[in-house]
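Hi,

Here is the structure I promised to pass on to you. Have a look at it first, and then read on for what I found in it.

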Amino acid sequence: MSPPPTTRLSDTIRTGVTVADLKQAFLDNLYYIQAKFPAVTTRNDHYMALAYTVRDRLLHRWVRTARTNYERASRTVCYLSAEYLLGPQLGNNLVNLGLFDPARQAMAEFGLDLDDLLDQEEEPGLGNGGLGRLAACFLDSLATLQVPTIGYGIRYEFGIFKQVIRDGWQTELTDKWLRFGNPWEVPRPEITVPVGFGGRTRAWRDAAGRYRVEWVPDQVIVGVAHDTPVLGYRVNTANLLRLWQAQACESFDFQAFNAGDYLGAVTAKVVSENITKVLYPNDASAQGKVLRLQQQYFFAACSLHDMIRIYTQRATDLSRFHERYAVQLNDTHPAVAVAELMRLLVDEHGMDWDPAWEVTRKTFAFTNHTLLPEALEVWPVELFGRLLPRHLEIIFEINRRWLDRVRARFPGDDGRARRMSLIDEDHGRAVRMAHLACVGSHAVNGVAGLHSRLLREHLLRDFAEFEPGQYLNVTNGITPRRFLLLCNPRLATLISAAIGDGWAADLDRLRGLEPFAADPGFRAEWRGVKRAAKADLAALIAARTGVTADPDSLFDVQAKRFHEYKRQHLNVLHVVTRYLRLKDDPSAADVPRTVVFAGKAAPGYFLAKLVIKLITSVAEVVNADPDVRGRLRVVFVPDFNVRTGQRLYPGADLSEQISTAGKEASGTGNMKFALNGALTIGTPDGANIEILREVGPEHFFAFGLTAEEVDSRRANGYRPTDVVRADPVLRRALDRIGDGTFARGDRDLFRPLLDNLFRHDPFLVLADYAGYVACQDEVSRAYTDPEGWARSSILNVARMGYFSSDRSIREYCASVWGVDPVPVDLK
């Protein structure tokens, strides 16, 4: 490498897209940003220099996008989410800029491997699972569709934990994703918002006789903005992701320090910054509950203050606030924003209640992401009032007016009013955040056809009956840019050679692949691409776990957050059953199979962590048994995240989507696997139903009880022990787990898991076992026909157009937000 020129930086160096431009910009950033000369540079220096080179080209589009939207006062989507599981940014931005190949060549000319630099990037741990990844996919699609958007969230100092496996158990380590800095963000120390907690309220009558309230908090912290550009695919639109970091109003008490109270000098700083310290603090303790509620109010308050700040740059009449902003609540975490906007409009800006409520309802829309009643957030009234006294008063008033409407519509139906109240009076007084979100929004949606129907018919039935036109469905989707074009370049190249490259921006064009499923030559190429992806995955497995996986075996993959309803333990029961079969008859004909698990359990979720221990214990026995060598392997890949997923999805033959029907709202992992050519084994749950509809039953391995059958079994007194008595194969598998076979002789290790299944089986694992095992046998038979399997794989990909997040966003724009694209001209 040669030093950069001493002449002034030119626009070409900042924005040029040739290999020469990228090389010169890389050198400039290496010298003038990283302050390094070639002999002492590290791989991280090279990554940072390339990242800043790419960021310059983003900022060009970002500033122009902001100016365009400012000048046009564009109606803007504001997406409020506690999670954004963005994934690594360098590769995705290179793809969207169309600079992936030039960047590879530029680095190669310096003797650097672009793949090494991509691997150097720390992944932002700003999300836990599907909720945060969906938010990231939506930001990608909003930018690609040129929809003016601001994503609002929290800049967690430490994200979702790093997972390591020690003695077979999940162990959580701190996720220090910011340890080397973040080249993609732009700190905005001049954009700050004071956020209050606690204190009291003071009521009075103003000169016009109007009832007024002032909130006097006893603690104030400051939210500081950190901005990240989100670029669309092959467009000039780069939208804004604004994340808030908590700081103390005064970070250092000089008087306390001089008095010798060194700890007290920084107490305010420590207490304030705890709010954005970690993603989802454990709320098993009272302190944890306080911190989680503080997090939720903090980012909702900062975001609404920021919207009003931007709005008042061009206008002063907040009665039209909803015409400028469409605010989407991504689940219940930001639901307190309903009360906060009312407080701002009524208390801070002097608006009367009725017009303020009209503005509030027209501003917000709410996406529900769960069918589990226990997952719907509630906050004890005492805690809520202690932290947010004015907001509790506002919620009480919203509730009073709401219940007046309910009672007027359904006179004498006290049970309905009790069910629809924003305050739960039956289990200790608590604020129902989902009810607040529903009442304060003009639209409420589920995220898959079944999920939305069950919301209307069960979880939110009273609300849907009261305002039926308000409840709708928008099935989730995924971005094909990250989850095919970036993560599976061999397959993307094969597809583009067959049908052109327009599919990346219009996924429905994949339908053009259907005729190729009948072409033996194309099927052979397809199998070659899959084999190469499996070899890559086998290399990852070996590097992470030391287990050798045969790329010619069937790669059977379940990668998702660990929860009982997702039923990883059903998968383990099948593995044990298959293992025992092979032990009984080592010469039996069977398809060699590598079963891969990946995912994290919440740190306080004991049974989920015990399932991980069961998986690793079964793997220890199976992988060491010479009787099944080359026929069955079991692997747990630790620390599942977006980057790991980008390796798993292309290499999977079979996608495990086996949740209890009626429990998975949608799922998006099912879409990612199918888009990369995996066939699905799945229950009639979430978006599985729509995938089955699109790809056809002959290309999908379906099994399991329906949601209605699940409810019926429970209503009729489901007894899991009866299922076990009637099925000796199941009984044997459970006995082997219980007798210490997979626990080095310890009969008690898995007793809590077995007791839960025998006594309760809350997610009907045992009821679906026989159907699941039979369906897995069907999978094995199908895999013995490589031509037929390849045909089904091609048709799965060809029929995945519906599951693009671009389609989801178009539906939101048309049915919920009422926004139009705003093209950006770089000239």
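The lining of the second largest cavity in this predicted model divides by class into 6 nonpolar, 6 polar and 3 charged residues. That cavity has a volume of about 150 Å³. It has 15 lining residues, and Gln 89, Asn 92, Ala 136, Asp 140 and Val 230 are the closest to its centre. Two or more residues of the lining come from each of H4, helix H7 (130-144) and strand E8 (219-231).

H4 deserves a word of its own. How many of its residues are buried? The count is 8 of 8, so to speak of H4 as mostly covered is fair. The buried residues in H4 are Leu 90, Gly 91, Asn 92, Asn 93, Leu 94, Val 95, Asn 96 and Leu 97. Asn 92 therefore appears twice in this story: it is buried in H4, and it is among the residues closest to the centre of the second largest cavity. The cover over the buried residues of H4 includes H3, H5, H6, H7, E8 and H21. Right after H4 comes Gly 98, with a positive phi near 75 degrees.

Now for the other cavities. The structure holds 7 of them at 30 Å³ or more. The largest has a volume of about 200 Å³. Its lining is made of 20 residues, with Glu 122, Pro 124, Trp 177, Asn 182 and Trp 184 nearest the centre. Helix H3 (residues 43-72) supplies the largest share of that lining, 3 residues. By class, the lining of the largest cavity has 10 nonpolar, 6 polar and 4 charged residues.

H4 turns up again in a pocket. The second largest pocket has a volume of about 1100 Å³, and 42 residues line it. Nearest its centre lie Phe 100, Leu 486, Cys 487, Asn 488 and Pro 489. At least two lining residues come from each of helix H4 (90-97), helix H5 (100-109), helix H6 (114-120), helix H21 (480-486), helix H22 (489-499), helix H23 (520-545) and helix H26 (642-651). Which helix gives the most? That is H26, with 6 residues. The lining of this pocket has 20 nonpolar, 9 polar and 13 charged residues.

On to the interior. The largest nonpolar core has 272 residues, and Phe 298, Phe 384, Leu 766 and Trp 817 have the most contacts inside it. Helix H11 (residues 286-311) contributes the largest share of this core, 14 residues. If you would like to look at one of these residues up close, try Leu 766. Beyond its neighbours within four places in sequence, Leu 766 is in contact with Leu 573, Tyr 718, Pro 720, Val 723, Val 724, Leu 730, Leu 734, Leu 757 and Asp 761.

Two of those partners lead to helix H32 (residues 751-759). Leu 757 is one of its buried residues, together with Leu 753, Leu 754, Asn 756 and Phe 758. The buried residues of H32 pack against helix H24 (568-584), helix H25 (606-624), helix H30 (720-726), helix H31 (728-738) and helix H33 (765-783). Asp 761 follows H32 and has a positive phi, near 40 degrees.

I also looked at two charged residues. Arg 343 sits in helix H13 (residues 337-348). Is Arg 343 buried or exposed? It counts as buried because its relative accessibility is 6%, under the 20% cut-off. Leaving aside neighbours within four places in sequence, Arg 343 is in contact with Trp 215, Tyr 297, His 305, Glu 348, Arg 390, His 391 and Ile 394. Arg 343 and Arg 390 are 47 residues apart along the chain, and their C-alpha atoms are separated by 7.8 Å.

Glu 358, in helix H14 (residues 353-363), counts as partly exposed because its relative accessibility is 43%. Its C-alpha is 9.9 Å from that of Ser 441, with the two positions 83 residues apart in sequence numbering.

Finally, a word on confidence. The mean pLDDT of the protein is 95, and 96% of its residues reach 70 or more. Over residues 4-8, pLDDT stays under 50, and the model has 8 contacts for them beyond four places in sequence. Where pLDDT is low, the predicted coordinates should not be read in detail.

Happy exploring, and best wishes!

Terms used. Residues are numbered from 1 along each chain as its sequence is written. This is a predicted model: local features need pLDDT of at least 70, side-chain atom pairs count only at pLDDT 80 or more; totals for chains, interfaces and linings use all residues. Side-chain values use heavy atoms; hydrogens and water are left out. pLDDT is the predictor's confidence in each residue, from 0 to 100. Contact means heavy atoms within 4.5 Å. On a 1 Å grid over the protein atoms alone, a cavity is a set of points where a 1.4 Å probe fits but cannot get out, and a pocket is an open set with protein on both sides within 12 Å along at least five of seven lines; lining residues have an atom within 4 Å of a point. Grid points are joined across faces, edges and corners, and a volume is the space filled by probe spheres set on the points. Helices (H or I, at least four residues) and strands (E, at least two) are DSSP runs, numbered from the N terminus. A nonpolar core is a set of buried Ala, Val, Leu, Ile, Met, Phe, Trp, Tyr and Cys residues joined through side-chain atoms within 4.5 Å. Buried means under 20% relative accessible area, exposed over 50%, partly exposed in between (1.4 Å probe, protein chains only).
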